[in-house]
Structure formats: C-alpha cells, structure tokens
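Welcome, and thanks for taking a look at this chain. Please open the structure below and keep it at hand while you read.

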Amino acid sequence: MDDLRLSPLKLGSFKSSLSGRSTPRGSPTSRRVHSGRTPRRDGKGSGGAVQWFRSNRLLYWLLLITLWTYLGFYVQSRWAHDDDNKVEFLRFGGKLREDVLHVEQNKRLDSVANENSHSVVDTTNIVHIGVNKRMHVTLAKKEDDTSQRSLSSRRRIRKASRSSRTRIRSKQKVRKVMETKDLDEQDQELPNTNVTYGKIFGPFGSLEDRVLEWSPQKRSGTCDRKSDFKRLVWSRRFVLLFHELSMTGAPISMMELASELLSCGATVYAVVLSRRGGLLQELTRRRIKVVEDKGELSFKTAMKADLVIAGSAVCASWIDQYMDHHPAGGSQIAWWVMENRREYFDRAKPVLDRVKLLIFLSEVQSKQWLTWCEEDHIKLRSQPVIVPLSVNDELAFVAGIYSSLNTPTLTQEMMKEKRQKLRESVRTEFGLTDKDMLVMSLSSINPGKGQLLLLESVALALEREQEQEQVAKSNQQPKIKNLNGIRKEKISLSVKHRLRGSSRKMKITSPATDNSSVLSATGKRKLLFSGNVTQKQDLKLLLGSVGSKSNKVAYVKEMLSFLSNNGNLSNSVLWTPATTRVASLYSAADVYVTNSQGIGETFGRVTIEAMAYGLPVLGTDAGGTKEIVEHNVTGLLHPVGRAGNKVLAQNLLFLLRNPSTRLQLGSQGREIVEKMYMKQHMYKRFVDVLVKCMRP
C-alpha cells in the first residue's frame, strides 16, 4: 500500500490530495513526502512560476481578456472625449477622407457608418479605414506573441499619424482660408468702411466678456431639475432638423432647444440641410453633434430617435424623403413651423397631413395655416399646438432678469450695474453721447423686414425735426421792428405778456392720437413737459445684420442707393454685423423697431428680447407683433406699407422728444416678458408636444 501511495510522487507530475491525508506525519513515508516538497518550493521561486503560468491556460486567457477590455475602454473614452486623437486614429496609413472626418467628429463609434467607408467589421480581428488606401490592423490572439504584435501595431499607428499631421493641418488651414474667401465674396457690397453708409461696428463679444467678467464656458444655462420637461427628456434621443445655420430666429431657436435638451440629460443629434450661415462654430461650442450627411445616414439616425423635431417649413423635402425611406416615421415627427407666408405653406403642404403634430408660434400664424389647410382640403392628424419663443438665459441674465445663470456672486442687482457699464462702453464705441437716441433694428435685410421703409421714415423724421428747429429759431428772434422810440423795458414786458398768452392756448398732442388711441391727459402733460426741459437729442439708427446669409443683395444695394441720394441721412445710420452676441446691442439701444411688412412677423423673437431690456417697441400692426406689443402700453404700432411711414416718423419724433415716455413703455414691456416669455414658460408648453409625440 505504501508503494502504491508513493508512486505518484516519484513521477513528480502532481501531488495527490489523498496521500497527504492518509500518511502519518511521523512515518518514513511522510518524511519522504515532505522532503520532496521542499525542492518544489525552491523551484517556484526561480523558474517554476513561469512554467506554472504557462500550464494554467485559464488564467492566461483571463488576463488577456482583461487587457483587451481595458484597451477597448481606453480607446472608446479617447474617442468620445478627444476629437484630436480621434482624427489621428482615423488617418493612419494614408489619406484621411473628408466625409469620414466630419461624420466621425459628430457620431459615436457605434453609429451607422458612411456608405463609402468601411466600418469596424470584427472587434477582435480587422479594422478597415479608407477607400483608395486600405490599412489592415490585425489584432489576433497568437499564443505568447499577442502583446508584442499589438504593441508594434500601435507604434506603426503613432508613426503614421505623426507623418500625416502636418498635411492634415495644412488642409484645414486651406479650408478655412477658402471659407473666409467665400464669405468675403458674398459680402463684397458691404465692406467694413464705405463713404455711403459709414462704418460697421461690432460684434462686441470680447467687450461683453471683459465688462461682464464672463468666460465662454459660463454662457450656458442649466436645466430645471424639478420640471416635467426634464423628467420627459432624460436619457432620450432627439434629432433636431435645421434648414440652415444662419443667425436668424429659426436656427437660433433650434440651437437653444438642443442646448436645453442636452442640459436635461438627453442625447441630441442635429441634421443640417444647408450649412449656409455662421452657427456651426456655436453648435460645436455647445457640444451639439452634427450629422453631416442629410441623406441615408440622417434617416438611420432619425429612425433610432425617440422624437424628430423639424424647425422650419423648408424641412418639407427632408421629411418627404425620410417617410419614403421609413413610412412609419411620420408618427415621431413634430414640425415646429416658424414661417407665415403662403410660399412656405405651398412648399410644406404635401407632407402636412403625414407628420404627427404641427407646432406654431402665435395665434395669428395658427389661424392662417389652418385656413390655408381648409382651402386645400388638408386634414391634419392632430390639433396644432402653440409654443411661443422665449428670452434665453444668457440675455435674461445680462438684462437683470432672474435666470438659471444667477449665483450669489452674480445677483440681478449686480448684473443691472454691469449692464449699465456695458451700455456706456458700447455707446462710446459708436461715438454716441447721452443726448443721442439710438433706434435699433436687428434682422436679416430683405423686403419682408422693411428696412428701406424704415430709412424713409427716419429721413422724414429728421426732415421734420430740422423744420421745427428752424421754426423755433425764428420764434425766438425779436418780432418788433422799427420801434426805436420805445424803451427796452416796455419791449421786454410786452414780449413776456405774449408768451404768457400763448402758453394758455397751447395744446398737447402726440402720435397716439393719430393711431386712435390716447394716453391719460395728466400723464401726457407730465411726460411732454419733462421732455421739453431735457437737452435736445439727436436720432441715430443702428441696422443689422450685415453679412447674414438671408440678406438680399439687390435690396441692400437699393438701401445704399437711397442713402447716397440723401447725404445727411448717412451720418445718422450705423451698421452692425450678424452675431449671436446681441446683449451689448440691446444694452446700448433706446428704442427698437420691427417694421415687418405683408402679414407681419410670425412671432418676433427680437421683439421680446428688446422688451426684456426695457426698450419701447415701434412695430407694424400685423402678425405676431400685434399680439406681443400693446399699443401705448409697451410700444407704438403703425400700419404696414408706405402708408405707415408717416406714422412711424411721428412715433420716432414723439419718443425722441419724450425720454420719460420711453422709460415708461419699456418698463411695462419688461414686466410682460417676465410674466409670459421666459424660458420656463416656453418649455412648460413644450411638455404637451413631448407627451403627444414622443415614444413611450
């Protein structure tokens, strides 16, 4: 029995668990067993560990899987958070394709790949990248030399990336130069300095940062964590459809919606139908992912989303193609229509009855589109929802209105003081003084916005102001001639008597009576009296937005021609470029004019922004402006067309002569904005859209 128990130990391959238990510790067999264990311990200290590690294949594979998993997480994290390393990863082994660069900068690794590029086929075998030059990186498990092969592969990647880095950067510089040339070519009719219209001022982004003591990272609001909007969008996927990237109402509103969704924990992809405009850089700053492909790739991205929100009637073509590709896709589309002209309805009507829900900005717009639908026998799938626009957190913050950006160190009172400093700084840049009344109008320059009619009204107001100055000067001259025999005391006494008599007969009038609406008599007398005793003010007009891709070149040239034919008018007109940094402009202005023609503004985002800054609004009596501006309460209204030029000129003169009236109208307009047009009001209405359209 002893020989049978010891035979496994003599072989030296492994120790029987049974032998140690059955042999007494003091027996000779036990001593032989224990003496045989000691050399094995010594062997483990030298080369036995390597042999034991090689013989234990299970542990070997566990370690290999752990290393592979760590490498995968490392690459994925660098891919998600470092665009530069992502580009270097994609460009090894040859030329980097532009479509791969743009798509991969705005998509996750697991999103749908481009049609022409090779996606990741096997995560443990081969990665294909490129079309003309195809680079194979083999990451195969080949027993003991696996780690060496992966290390050499990474070294080759780094070497190739270094060699191509200079070439990629030079291409990016050339691309930027070409884009700058394109912008210069499109804006040749409006250089920075021109004898016809003077000088372009702004943008004042750096001045805002310096005066307000802000950094770009601080210019983003936070989500209301307790709101229903946050609860509904948390961890959901959204696709927002931009028709263009111009710095106008619809694209800016969609960009702010995307930012709010991101801050509330949603995943957002932007599909851009036209890159025209300058908002791409701002989208990048806000970390909004742009799906460059507006075809097959955008359709597949939309199919994975919980809700698709289209931001313009111009998006009709994409919606039509998407539903041809995915017939059931209309049930997840909410169409936020921001136009109110018949040509936009004609473009959108083929797919109006196929989307889940229409969203309008105002009651006037909703009634107009429903009327057109009845005329064309279009039956909508559901009743439209009205979601007016709002003042964003950044503008409200600078205006001194409470927002999510306020902190204990940046209170509303502190921001009011900073805004006053900003006003003084910007007006100094404009060359304005306290005696100047700055009238501002910011929008794309085209016939629908009525800038040429505004110039005509300003010219008429200045002409009337000059005539009244001449009359006033003539009234101040002595009217008694050839009275040398009368003493000077009697002459002065008679003049005083005449002045007292004229003051009893003086009537108080204002442009409000021309519009069939009257302020209180006592308030009017007080305001007119205070205006008469103040220092005479000069009228200045600030027009934007120079360089906007929505500007009509022919209309701009017509405006410049009008200025050249009215030489003195150009001295009163200032220009500013298109920009998203408008807080400084609102702070510097005294009056805002929205002169939209035809059926008027769809809503008028700039109208509520101006009211938030305490500016009285002079607007046309049509469209959304009529819903927002209450005549003689928050502003003054005038008719559309050239018939309104005379009334607008009278309103300008009235506010020019009555600074206290400007403050009163502006203060009441600010109160309306705080009650109806803040961010929380808009997203509270947007909850209804999410409930009706979003996937459960």
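Here is a short briefing on the chain as a whole and on a few backbone details.

This is a predicted model. The chain holds 28 helices and 15 strands, and 47% of its 696 residues are buried.

**Contacts and surface**
- Among contacts with a separation of 6 or more, 73% link residues that are 24 or more positions apart.
- About 37400 Å² of the chain is exposed, and 52% of that area is supplied by carbon and sulfur atoms.

**Cis peptide bonds**
- One cis bond runs from G202 to P203, and its omega is near 0°.
- You will find P203 in the loop between β2 (198–199) and α8 (205–212).
- Another cis bond joins G544 and S545, with omega at about 15°.
- S545 sits in a strand, namely β11 (residues 538–546).

**Positive phi outside glycine**
- S235 is not a glycine, yet its phi is positive, near 65°.
- To locate S235, go to the loop between α9 (228–233) and β3 (237–242).
- S235 has a relative accessible area of 52%, so it counts as exposed, the cut-off being over 50%.
- N632 likewise has a positive phi, about 65°, without being a glycine.
- The loop that holds N632 lies between α25 (623–628) and β15 (635–638).
- N632 is buried because its relative accessibility is 8%, and buried means under 20%.

Terms used. Residues are numbered from 1 along each chain as its sequence is written. This is a predicted model: local features need pLDDT of at least 70, side-chain atom pairs count only at pLDDT 80 or more; totals for chains, interfaces and linings use all residues. Side-chain values use heavy atoms; hydrogens and water are left out. Helices (H or I, at least four residues) and strands (E, at least two) are DSSP runs, numbered from the N terminus. Buried means under 20% relative accessible area, exposed over 50%, partly exposed in between (1.4 Å probe, protein chains only). Contact means heavy atoms within 4.5 Å. Accessible areas come from the Shrake-Rupley method with a 1.4 Å probe; for residues, only the protein chains shown count as cover.
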